[in-house]
Amino acid sequence: MTAFYDDWETRSADARAGSIAECLPAQIAAAQALPGYAESLAGIAAEEVTDLAALARLPVLRKAELGAAQRAAPPFGGLVPHAASGFAHIFQSPGPLYEPGMISRDWWRLGRFLHACGIGAGDIVQNCFGYHLTPAGMIFENGARAVGAAVIPAGTGQTELQAQAAHDIGATAYAGTPDYLKVILDKADAMGLTLKIKKAAVSGGALFPALRQEYAQRGIACLQCYATADLGNIAYESPAMEGLIVDEGVLVEIVTPGTGDPVAQGEVGEVVVTSLNPDYPLIRFATGDLSAVLPGESTCGRTNLRIKGWMGRADQTAKIKGMFVRPEQVAALVARHPEVARARVTVTREGAADAMLVQLETEAGDPAAYGDSVAAVLKLKGRIDLVAPGSLPRDGKVIDDQRDYDTG
């Protein structure tokens, strides 16, 4: 197997920027032609959106908005160029949200990740992602077909049968959640079965270092990817295991939660993704996940942007004194005051009551001057502290809920 899936993985920065400058305006223009984007992308000069800086001026599409659009114009909210019958598959994810799927080669771009795992022709992949309604099973099957591997469509559950099938068929690779492989391995041990699995491609859960080490001790190389039902592959590990390398078919931004504003490189923020898939052109789609950009390039030779992986959820909505406070409201509070650089809401308990602290990064000196804005935007009153610019943590949190729910 060659070291790289294709030449795109090792492009120079200039070559990648040139490609983006060509394909991004076309994707924006295609989206503008769809009824679901008619309002949000109105007035945008698509030909001028040639890089991430220009892309950052466009509005963010959030899952709540996607769900509302789908309810108004089922099943895909007017965000696709085909009728529902024009897709090979239609999936349902919790929400419910509906996602289209195609069987064309590497439609979800998982082949790039599986290739990095060393999976290819001659391998038999035991695919333990679900095939029922949700797309994960088909996403990984589509990728396995792209690299020439055979697939056991195992799905989830029935561990004894999974272990027996892996033994009888001779599965050489596993695809599924990180922890379920251990369940199969342990069951095989209990049944006295020897398995041939030596490669694992995992997603959908935390791959803890101890678990990866346990697999390594069994002779199994385990790598992970970051993928979603809406977008397919977003980023993936290479054997270098130095963060996650952004897939060549998407553009990734890291923004302040509740806004579309990019954070400084290295700071934690929300992952916002623009898909270059013409069948489903999601533009600045907010994943709700937190991550950060890693500097430099991977030592494996792949040159695209790297992110640190999943670092929590950006949806930090907290119910305070019976009222929901959302990151978007914190962003709106900052937007009211040009002299305020950042804000952070910290929620604690004082006795039997909730307490809210609002910290504002500003050189201003009078906290009382912001009391009306806090009450109007957050719909609550709380203590206001003014802190020096640059002093709030750059950890992606705009709402820090410190209440201990175990002790009340």
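A residue counts as buried when its relative accessible area is under 20% and as exposed when that area is over 50%, with partly exposed in between. This distinction is applied below to a predicted model, beginning with the chain as a whole and ending with a helix and a single side chain.

The chain contains ten helices and 20 strands. Its radius of gyration is 23 Å, close to the 22 Å that the globule rule gives for 408 residues, so the chain is as compact as a globular protein of that length. Along the principal axes, the C-alpha atoms fill a box of roughly 70 × 55 × 45 Å. Of the 408 residues, 51% count as buried. Among the contacts that join residues at least 6 apart in sequence, 63% link residues at least 24 apart.

The surface and the charges may be described next. The accessible surface of the chain comes to about 18100 Å², and carbon and sulfur atoms account for 55% of that area. There are 35 positive and 47 negative side chains, and the centres of these two sets lie 4 Å apart.

Helix H8, which spans residues 209-217, shows how burial is arranged on a single element. Its buried residues are Leu211, Arg212 and Tyr215. Seen down the axis of H8, these buried residues fall within an arc of 100°, so they line one face of the helix. The spacing follows a general rule: an α-helix has 3.6 residues a turn, so residues three or four places apart point the same way. On the other side of H8, Pro209, Ala210 and Gln217 are exposed. The buried residues of H8 pack against two elements, helix H7 (180-191) and strand S7 (221-228). Just after H8, glycine 219 adopts a positive phi of about 85°.

Methionine 102 offers a view of burial outside the helices and strands, as this residue is placed in the loop between strand S2 (97-101) and helix H4 (110-116). Because buried means under 20% relative accessible area, methionine 102, with a value of 16%, is buried. Which residues are in contact with methionine 102, leaving aside its neighbours within four places in sequence? They are His82, Gly86, Phe87, Ala88, Trp107, Trp108, Asn142 and Asp279. Methionine 102 and isoleucine 90 are twelve residues apart in sequence, and their C-alpha atoms are 9.0 Å apart in space.

How values were computed
Residues are numbered from 1 along each chain as its sequence is written. This is a predicted model: local features need pLDDT of at least 70, side-chain atom pairs count only at pLDDT 80 or more; totals for chains, interfaces and linings use all residues. Side-chain values use heavy atoms; hydrogens and water are left out. Helices (H or I, at least four residues) and strands (E, at least two) are DSSP runs, numbered from the N terminus. The radius of gyration is taken over C-alpha atoms; the globule rule is 2.2 Å times the number of residues to the power 0.38. Buried means under 20% relative accessible area, exposed over 50%, partly exposed in between (1.4 Å probe, protein chains only). Contact means heavy atoms within 4.5 Å. Accessible areas come from the Shrake-Rupley method with a 1.4 Å probe; for residues, only the protein chains shown count as cover. Lys and Arg count as positive and Asp and Glu as negative; His and the chain ends are not counted. The place of a charge is taken as NZ of Lys, CZ of Arg, CG of Asp or CD of Glu. The arc is that of the directions from the helix axis to the C-beta atoms.
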